[in-house]
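Reader: I'm at the bench most days and would love some help reading a model. Please take a close look at the pockets, and then tell me what surrounds them.

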Amino acid sequence: MDRSRRPKDIPEHLLARLWRNRDWRRHSLHLAGGQRLRVLYPGRPGGGPGPDFRDAILQVDGLAPVRGDVEFHREPRGWREHGHHLDPRYNGVVLHVVGRARGGRPPQRQDGREVPVVELIQRGWEAESAGTGVSTGMPLLRRWRALPAGRLCELLDRAGCERFLEKSARFRTLLRSEGCEQALYSRILEALGYSRNRAPFLELAKRLPWPVLLEIGRNTPRDQRASRMEGRLLEASGLRGSASSGTPMSPLAWCFAGTRPANQPGRRIAGAAGLLARYIDTRLFPALLPLITGGTFQEVRRAFTVSGYDGTLIGRGRAVEIVVNVVLPLFHAWAVMEREKALAARCLYLAERSPRLGENELTREMTVLLDLPVRTIPLGALRQQGLMHLYQRLLKGASASPEGSEPLQRELAVPPV
């Protein structure tokens, strides 16, 4: 390697790779002001618009750890050149990592707070590791990684069940405020929005509530119901000109950039209309209850797949997501409220037998951090839910003591090693 190559020539993607792979326990870093920086967790790659890494956990000079996002540039001036000082999406950034620091004031976020700067290339970047592992300074996470495969499977199952029960508890609040039918309708629409359009789909469910859409379907011939309901949903969404009463949403509420054609809002609305048109005569909740009580997971999943004249509108994968994340925990919540113990147990039983879901940022991150491919641990939907639960508890929502969190260890039943 050419040692004469200047650090400023290092591209940002390589800076990000060094940040993610570096052994922070052997190499100390210092902020531009001289304070020692300890990286307990470098964060997960952000992907898409926004900061480069999310949910990092950092400690400066032995003070309380700080959690937030991390942004990379070759030089400090990249912050302003890229307009981050005007972008509220970067108000969660707690560290600006650069290849070479050239002095000057720390960059400012849109909310006015300064962002500390660290120069990553402090020891010569050509000497650093280029491995694929991710090191972490969090003892608790290292203990999980050292567990035998059988014990880790046990704890992932338990974490998945805990996440399921937490969802059920949140749905109980929703059922009390919205009722069974509207709660199920609104959360199905939300699940069809993926991450980018979840909030707009929830708003759509408020603008055009299920009782109104149900009445529209009942007043429409059976073979025209899906298209008529699709039209009204599109009008309420603001994606189609409306002659109906009511105030439509703004088209600007919807996200189209970076969304695959199959996941565009209009196509997802068509899928929702095709799905909901099935339940005009029977209504949603009463029609699904016997299926969950006596059907297999595959039968429940098939109730949420929808095909249109131009292909699949709601495929198998999205149907599984809806069943696992909405239908089963919501029916479990209702069963707990009604003291239907057999139905509650049935919902959890079906969740435990759910097939694997599609990967997301959190499951991919925890798979790497826990070294799961090496362990060849089979992952069903419940264990994937367990991975997300652990991420939220260990790396995002829980306190991050540099020596580990004893209450968290007890909660997650992590044995001493």
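Author: One definition will help from the start: a residue is buried when its relative accessible area is under 20%, exposed when it is over 50%, and partly exposed in between. Please also keep in mind that this is a predicted model.

Let's begin with the overall setting. The protein chain is built from 17 helices and nine strands. Its 417 residues include 51% that count as buried. The accessible surface adds up to about 19,600 Å², and carbon and sulfur atoms hold 50% of that area. As for how the chain folds back on itself, take the contacts between residues at least 6 apart in sequence: 65% of them join residues at least 24 apart.

Now to the part you asked about. The largest pocket has a volume of about 1,600 Å³. Its lining consists of 42 residues, and those nearest the centre are Tyr194, Ser195, Arg196, Arg198 and Asn360. Several helices contribute at least two lining residues each: H4 (149-178), H5 (180-192), H12 (316-338), H14 (361-369) and H16 (381-397). Sorted by class, this lining holds 17 polar residues, 16 charged ones and nine nonpolar ones.

The second largest pocket comes to about 280 Å³ in volume. Here 14 residues make up the lining, with Glu230, Ala270, Gly308, Tyr309 and Leu313 lying nearest the centre. Helix H8 (225-237), helix H9 (265-276) and strand S8 (306-308) each provide at least two of the lining residues. The biggest contributor is H9, which gives five residues. By class, the lining of this second pocket splits into six nonpolar, four polar and four charged residues.

Pockets are open, but there are enclosed spaces to look at too. A search of the whole structure turns up three cavities of 30 Å³ or more. The largest cavity has a volume of about 50 Å³. Around it sit Gly160, Arg163, Phe164, Lys167, Val324, Asn325, Ala351, Leu382 and Gln385. Helices H4, H12 and H16 are the elements that give two or more residues to this lining. These three names also appeared among the helices that supply at least two lining residues to the largest pocket. H4 leads at the cavity, with four residues. Four of the cavity-lining residues are nonpolar, three are polar and two are charged.

What about the packing behind these spaces? The largest nonpolar core contains 67 residues, and the ones with the most contacts inside it are Leu184, Tyr185, Leu213, Ile292 and Phe304. H12 provides the largest share of this core, 13 residues. So that you can see one of these core residues in context, look at Ile292: leaving aside residues up to four places away in sequence, Ile292 touches Val300, Val327, Leu328, Phe331, Leu343, Arg346, Cys347 and Leu350. Another core, of 24 residues, lies apart from the one just described, and among its members are Tyr41, Cys153, Leu362 and Leu394.

Finally, a few single residues deserve a stop on your tour. Most residues other than glycine have a negative phi. Against that background, Asp55 stands out with a phi near 60°, a positive value in a residue that is not glycine. Asp55 belongs to strand S4, which covers residues 53-60. Because its relative accessibility is 8%, Asp55 counts as buried.

Arg283 also has a positive phi, near 70°, and is likewise not a glycine. Arg283 sits in the loop between H9 and helix H10 (284-294), and H9 is the helix you met as the biggest contributor to the second largest pocket. This is where the opening definition pays off: Arg283 has a relative accessible area of 36%, which lies between the 20% and 50% limits, and therefore Arg283 is partly exposed.

The last stop is His85, in the loop between helix H2 (78-81) and strand S6 (93-98). With a relative accessibility of 18%, His85 falls under the 20% limit and so counts as buried. Not counting residues up to four places away in sequence, His85 touches Trp79, Arg80, Gln108, Arg109 and Gln110.

Notes:
Residues numbered from 1 in each chain as written. Predicted model: local features only at pLDDT ≥ 70, side-chain atom pairs only at ≥ 80, totals over all residues. Heavy atoms only, no water. 1 Å grid on protein atoms, 1.4 Å probe; cavity = no way out; pocket = protein on both sides within 12 Å on 5 of 7 lines; lining within 4 Å. Points joined across faces, edges and corners; volume = space filled by probe spheres on them. Nonpolar A, V, L, I, M, F, W, Y, C, P; charged D, E, K, R; others polar. Core = buried A, V, L, I, M, F, W, Y, C linked by side-chain atoms within 4.5 Å. Buried < 20%, exposed > 50% of the residue type's maximum accessible area, 1.4 Å probe, protein only. Contact = heavy atoms within 4.5 Å. Areas by Shrake-Rupley, 256 points an atom, 1.4 Å probe, with all protein chains shown as cover.
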